[in-house]
Amino acid sequence: MARQRDSDFPSTEAIVAFIRAHPGKIGTREIAREFGLKNADRAVLKQLLRELADEGIIKKSGKEVAEPKTLPATLLADITSRDSDGELLATPAEWDEVESGEPPKIRIHIPRRPQLGTAAGVGDRALLRVEKLDERARDGVAYRGRIIKVIDHARTRVLGIFRKNPDGGGRLIPVDKKQAGRELNIAKSDTLGAEDGDLVSVDLVRSRGFGPASGKVKERLGSLATEKAISLIAIHAHDIPQAFSRDALRETEEAQPTTLKGREDWRDVPLVTIDPPDAKDHDDAVHAEEDSDPNSRGGFIVNVAIADVAFYVRPGSALDRDALLRGNSVYFPDRVVPMLPERISNDLCSLVPGQPRGALAVRMVIGPDGRKRSHTFHRILMRSAAKLSYAQAQAAIDGHPDDTTGPLLSPILKPLYAAYACVKRARDERDPLDLDLPERKILLKPDGTVDRVVVPERLDAHKLIEEFMILANVAAAEMLEKKSLPLIYRVHDEPTLEKVHALQEFLKTLDLPFAKAGALRPTVFNRVLTQVKGHDAEQLVNEVVLRSQAQAEYSSENYGHFGLNLRRYAHFTSPIRRYADLVVHRALIRALGLGEGALPETETSEALSEVAAQISVTERRAMKAERETADRLIAHFLADRIGATFQGRISGVTRAGLFVKLADTGADGLIPIRTLGTEYFNYDEIRHALIGTRSGAMHRLGDVVDVRLVEAAPVAGALRFELLSEGQIPSRGRRREPARGAFKAKATSQPGARGRKKDRKSGKSKKGKSWKT
């Protein structure tokens, strides 16, 4: 029983407010000192903190406490159980337990008259609108949620690879890493004619007795005879729609090319598209010229024309419903799953050279200082002057034009690059977050097997298009705010105080200052990144700074874009592949009275909030599917190289072990903590390291290491390595004690059940979070 509190004891609300006001973790001692608590009152305080932790109001680790990670207003959640009153309980679908502890519980509120599509049960996945409870949490539940939409119902179906047995039956090898090793038996009568190597969907069959569970093939999804079909696994595992509805295809066939009716004629403006060499659709074109206004000497007029998708995809149409269901196009090394049918995306809306195409254009006046002074939007008919690749445009500027770029160099390309040099001044002054984390691209052979993995060079041509697109996106957001129309913003929150504090503590271990005065800005992070440029710690610091950042998302509420250091930002420039951009186009058409395809008058901010939440989910789904496919392709590529040695870099440190990213392919694999040696290892959260208790040897995030490939599981996309490099021994003057509450694991040759559980659980968090503009 808790000790009775006297009248002078601070209120629970005051203590919680003090914890929230102090980023990172503080201890009982600091709280007691703040409120002047002595002796017996300290015992009462400890009991109160335990109660608050049990109820989920605070997070407690050893003697330290902190405010738990707060949930966004809208999120994807898994309904896991019911409470003692029979009410549904859920937890966030995306939650890093290694970093943030146990996931918070959400009690589902069911209204008296639930809307269609919101009926849910245990095992379902749903999109929730969430609010934090003001009152003391009951049964450890600190949030209440309302179901917006049920995304997926409880499954008894498993996706996997069929392996045929000599007797005609077979077994299923699940593709989900969490189900690795849990094969299903399939009787001969239940194979549905599946052949060895087929990707199949199997229903679980209830069975009695011991041994592996049984299943029944319900659908054959395709053969995995070559790596070219590997993307099928991700497509079906994540329920990414491939086929368009019959009505959507009918609307596509009936669509007619745009004409000059209701449009400005821009066919003589020499707009050009600059894209990757393998791009199938071209949804943005650019043009620049010097500003002829004598008061703007040194300034430019920049035109950005974007494919007029809204003309073809009308609100409420079958095409619109299919596009919203997809949310975005998904890109794999061997295929694209488009948001819109090919006749729309690759033909009628694609800004191909020499063909008249409808577009929504923004004309921006850029001052000599590189700042946008004004902008206007226009619905136009244009004709692209040329289709260029990034490398082709850059080569021309660098003095190596070809037959296509030679005639364009002086009239088109040089003004574009001059305008970019101008706007770059304002960009550098704005100082957006400048992380240097190169992205790899997998190139396939004609048969679909991996040829090589490359890191494409980042050219000024890439930066030119990126900066012009950012300017156009800002102009769209500003225009819609000026017209007081609802819109979907692209937002990126600033890092949480807890993550900033953790970054500060990490940088202290490298003797790097992190001086934060006033409001948090990207400049503070860029100052640190500049200090380590060219040094051994550059990659490490870039990784840790990335992990401190929030994830960009879509929202009908504007809280700015921290990474770009912009107050308002919306996606406008890629409506062929992103639904958010299509909504912004419709809003601009309505705001400026530009004709057909406008946002309906009935579209409210609340309705757009639900759309924003849904397409944020589909975006994360696409990112995960693309990443998993790359993992599987690389695992296939390395499967015949068991025993080979590679050089890599430690890309993740967890209580389960080390994740290593190979230098040549970018493949990720796990080194289990039990294989590191013959001593205990502490997990140092602050240093992002595992440290041997006897030798002091440290294996740290960012370290370059040599590893041996021990196991490759191509279907799951998993690799396991053995560490060949010795840990670093810090000098005595620099060595610190591991963080309090550090995880202690014995390195043994026989993993226990606990070790296996940790291995499985950590697979979710092996990669750092990322944000996109």
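Helices here are DSSP runs of type H or I with at least four residues, numbered from the N terminus. The structure is a predicted model. By this assignment, helix H7 is followed by Gly327, whose phi is positive, near 80 degrees.

Within H7, the buried residues are Ala318, Leu319, Asp320, Asp322, Ala323 and Arg326. These buried residues pack against three helices, namely H6, H15 (579-592) and H16.

The packing of H7 with H6 was examined further. Two packed helices are described by the angle between their axes and the distance between the axes. For H6 (residues 246-254) and H7 (residues 318-326), the axes come within 8 Å and cross at roughly 120 degrees. H6 is therefore oblique to H7, an angle of 65 to 115 degrees being what counts as roughly perpendicular and one over 145 as roughly antiparallel. The crossing in which H6 passes H7 is left-handed. On the H6 side, the contact is made by Asp247, Ala248, Glu251 and Thr252, and on the H7 side by Ala318, Leu319 and Asp322. By residue class, this contact comprises three nonpolar, three charged and one polar residue. Of the H7 residues in the contact, Ala318, Leu319 and Asp322 are also listed among the buried residues of that helix.

A barrel is also present in the model. Five strands close into it in the order S4-S5-S6-S8-S7, with mixed pairing. On average, neighbouring strands of this sheet are turned by 55 degrees against each other, direction ignored. Within the barrel, strand S5 (residues 88-92) and strand S6 (residues 105-109) run antiparallel and are joined by two bridges. Leu89 of S5 stands opposite Arg107 in S6. Helix H16 (residues 605-638) packs on the sheet, where it touches strands S4 (74-82), S7 (125-132) and S8 (141-152). The direction of H16 makes about 125 degrees with that of S7. H16 is also one of the helices against which the buried residues of H7 pack.

A further strand pair was examined. Strands of a sheet pair through backbone hydrogen bonds, either parallel or antiparallel. Strand S15 (residues 272-275) and strand S22 (residues 386-389) run parallel and are joined by four bridges. In this pair, Thr273 of S15 stands opposite Lys387 in S22. In a regular strand the side chains alternate between the two faces of the sheet. Both faces of S15 are covered. Val272 and Ile274 are buried on one side, and Thr273 and Asp275 are buried on the other.

Note on methods
Residues are numbered from 1 along each chain as its sequence is written. This is a predicted model: local features need pLDDT of at least 70, side-chain atom pairs count only at pLDDT 80 or more; totals for chains, interfaces and linings use all residues. Side-chain values use heavy atoms; hydrogens and water are left out. Axes are lines fitted to C-alpha atoms, for helices over the stretch in contact, and angles run from 0 to 180 degrees between N-to-C directions. Angles under 35 degrees count as roughly parallel, over 145 as roughly antiparallel, 65 to 115 as roughly perpendicular and the rest as oblique. A crossing is left-handed if the near helix is turned anticlockwise from the far one by less than a right angle, and right-handed if clockwise. Contact means heavy atoms within 4.5 Å. Ala, Val, Leu, Ile, Met, Phe, Trp, Tyr, Cys and Pro count as nonpolar, Asp, Glu, Lys and Arg as charged, and the others, Gly among them, as polar. Two strands pair if DSSP finds at least two bridges between them. Buried means under 20% relative accessible area, exposed over 50%, partly exposed in between (1.4 Å probe, protein chains only).
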